[in-house]
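Reader: Please take a close look at one part of this model, its covalent cross-links, and set it against the chain as a whole. I would like a careful account that keeps the reasoning visible.

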Amino acid sequence: MPVGCEIGQTCYIQNYVDDDPSQSSRDYKCGSLTYDAHNGTDFRIPSLAAQKSGVDVLASASGRVLRMRDGAPDGAFGKTAREAVRDVECGNGVLIEHPGGWETQYCHMANGSLAVKPGDDVARGQRLGRIGLSGLTEYPHLHFTVRYKGAIVDPFAYGAVPGSCGGGESLWQPALRARLAYQERAVLNAGFMSGPPTMELIEEASAEGQSVSANSPALVAFIRAIGLKAGDTQGLVIKDPQGQVLAENRTAPLQSNKAQYMLFAGKKRPPNGWDHGTYKATYTVERDGQVVLEKQLELAL
C-alpha cells in the first residue's frame, strides 16, 4: 500500500487508470471511476481535517529516489485553475526507480512533509511524506502512478487486453488484493448535525463534529457519496426512537455520473424539544430496483 490508511474505512479509491486509449474513459473494470488520460490511482482521504491530521505516503516497493519536489503550496486548485500549477501538476512528489525498468511516482504530497531526497535508497513501506493538496488537485489524495520502461501500467490490470473488463494481472501483494477489491460506489462522509450541511463543513469535518442535543434547532442526517452512476436513485430516511419516519429525502434518477454527491434530510425541533432515545438514518442507492449501496447511522439523545 502506498498510503498509511485503511481502504473503505479511512481512505477510498476515487479514480483508477484510464484504460481507454480514445477520448472516452473507462477503468479496468469497464466502469466510470476514472477520466480521460488519467494515468494513476487516486487514494482519497475523506476530508481536509483528515489530511491536516497527517496520513503517511509510503514507498510501495523498494528502490532508489530519482527525483523529488517539495515547497509547492497546499491548496485545492482544481481543473479551473490549471495556470496556477502549470508544469507542477504533480505538486510535491517523489519518483522512485525499481529494478528491471519499473518506476513509481507519488503526487500531491503536503508542503514540507517529504522525508527523502534524490539518491536515497528506500525500503518497501518506508515513509516518503504525507498526503497533501499540492499541484492540480481538488481534494486531498495521493495520485500513485506505476510505469514499466517508461509506459504507464495499471497495477490492477497489468497486461490486460483493452476492454477486457477485469483481465490482466494484479501487481499488488496477494494479502492486499481483497482490501483493494473494486468498489463502484462508496460513502465518504456521514453523520448527524444540528443544521444544513455544506461541502465546506464536511471538508473541515465540522459537520461530523457538531453535537446534537435535545435542544438543537434541527436534527439533520447527511451523506457524501462517491462513484454514483447515471440512473442511480438515492434515499435518506430518518426515524425517531418510536420507529416513525421523521424526515425523508428521495432523489430522481441521476442524469449523469457523479464523482461526489451530497444528500441530507432533516426536521426542525418540535416545540417540546427532541424525544430522548435513538434516532436512526438509512441511506440507500438503488439501481434497476436493487439496492447497490447502503449506510446506516444512529444518534442517541
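Author: A word on charges comes first: Lys and Arg count as positive and Asp and Glu as negative, whereas His and the chain ends are not counted. On that basis the chain carries 30 positive and 33 negative charges, and the mean positions of the two sets are 2 Å apart. Everything described here belongs to a predicted model, and the values are computed from its atoms.

The setting for the cross-links is a chain with four helices and 17 strands. Its C-alpha trace spans about 70 × 40 × 40 Å along the principal axes, and its radius of gyration is 21 Å, which agrees with the value near 19 Å that a compact globule of 301 residues would have. Buried residues account for 47% of the 301 residues, while the chain exposes about 14200 Å², of which carbon and sulfur atoms supply 47%. If one takes the contacts between residues at least 6 apart in sequence, 66% of them join residues at least 24 apart.

Now to the cross-links themselves. A disulfide is a covalent bond between the sulfur atoms of two cysteines. The structure holds three disulfides, and when the bonded cysteines are numbered in sequence order, their pairing reads 1-2, 3-6, 4-5.

The pair 1-2 can be taken up with Cys5 and Cys11, which form a disulfide with their sulfur atoms 2.1 Å apart. The angle about the S-S bond is 85 degrees, and this link of Cys5 and Cys11 is right-handed. Since buried means under 20% relative accessible area, Cys5 counts as buried at 9% relative accessibility, and Cys11 counts as buried at 0%.

Cys30 and Cys165 are also joined by a disulfide, with an S to S distance of 2.0 Å. The torsion about the S-S bond of Cys30 and Cys165 is about -85 degrees, so this disulfide is left-handed. Because Cys30 sits in the loop between β1 (12–15) and β2 (41–44), and Cys165 in the loop between β10 (151–153) and α2 (174–177), the pair ties together parts that are 135 residues apart in sequence. Both partners fall in the intermediate class of accessibility: Cys30 counts as partly exposed at 32%, and Cys165 counts as partly exposed at 40%. The backbone at Cys165 deserves a remark as well, for Cys165 has a positive phi of about 55 degrees although it is not a glycine. Most residues other than glycine have a negative phi. Asp288 likewise shows a positive phi of about 55 degrees without being a glycine; Asp288 is placed in the loop between β16 and β17 (290–300), and with a relative accessible area of 74% Asp288 is exposed.

The remaining disulfide joins Cys90 to Cys107, with an S to S distance of 2.1 Å. About the S-S bond of Cys90 and Cys107 the torsion is about -100 degrees, so the disulfide is left-handed. This pair links distant parts of the chain, 17 residues apart, with Cys90 in the loop between β4 (63–69) and β5 (92–98) and Cys107 in strand β6 (residues 102–109). Cys90 and Cys107 are both buried.

Two strand residues help to place these links among the surrounding contacts. Gln14 belongs to strand β1, one of the two strands that flank the loop of Cys30. Gln14 counts as buried, at 3% relative accessibility, and once its neighbours within four places in sequence are left aside, Gln14 is in contact with Leu33, Asp42, Arg44, Tyr139, Ile226 and Ala259. Gln14 and Arg185 are 9.2 Å apart in space, C-alpha to C-alpha, although 171 residues separate them in sequence. Thr284, for its part, lies in strand β16 (residues 278–287) and is buried, with a relative accessible area of 13%. Not counting residues up to four places away in sequence, Thr284 touches Thr233, Gln234, Gly235, Val291, Leu293 and Glu294.

Conventions: Residues are numbered from 1 along each chain as its sequence is written. This is a predicted model: local features need pLDDT of at least 70, side-chain atom pairs count only at pLDDT 80 or more; totals for chains, interfaces and linings use all residues. Side-chain values use heavy atoms; hydrogens and water are left out. The radius of gyration is taken over C-alpha atoms; the globule rule is 2.2 Å times the number of residues to the power 0.38. Buried means under 20% relative accessible area, exposed over 50%, partly exposed in between (1.4 Å probe, protein chains only). Contact means heavy atoms within 4.5 Å. Accessible areas come from the Shrake-Rupley method with a 1.4 Å probe; for residues, only the protein chains shown count as cover. The place of a charge is taken as NZ of Lys, CZ of Arg, CG of Asp or CD of Glu. A disulfide is a pair of cysteine sulfur atoms within 2.5 Å.
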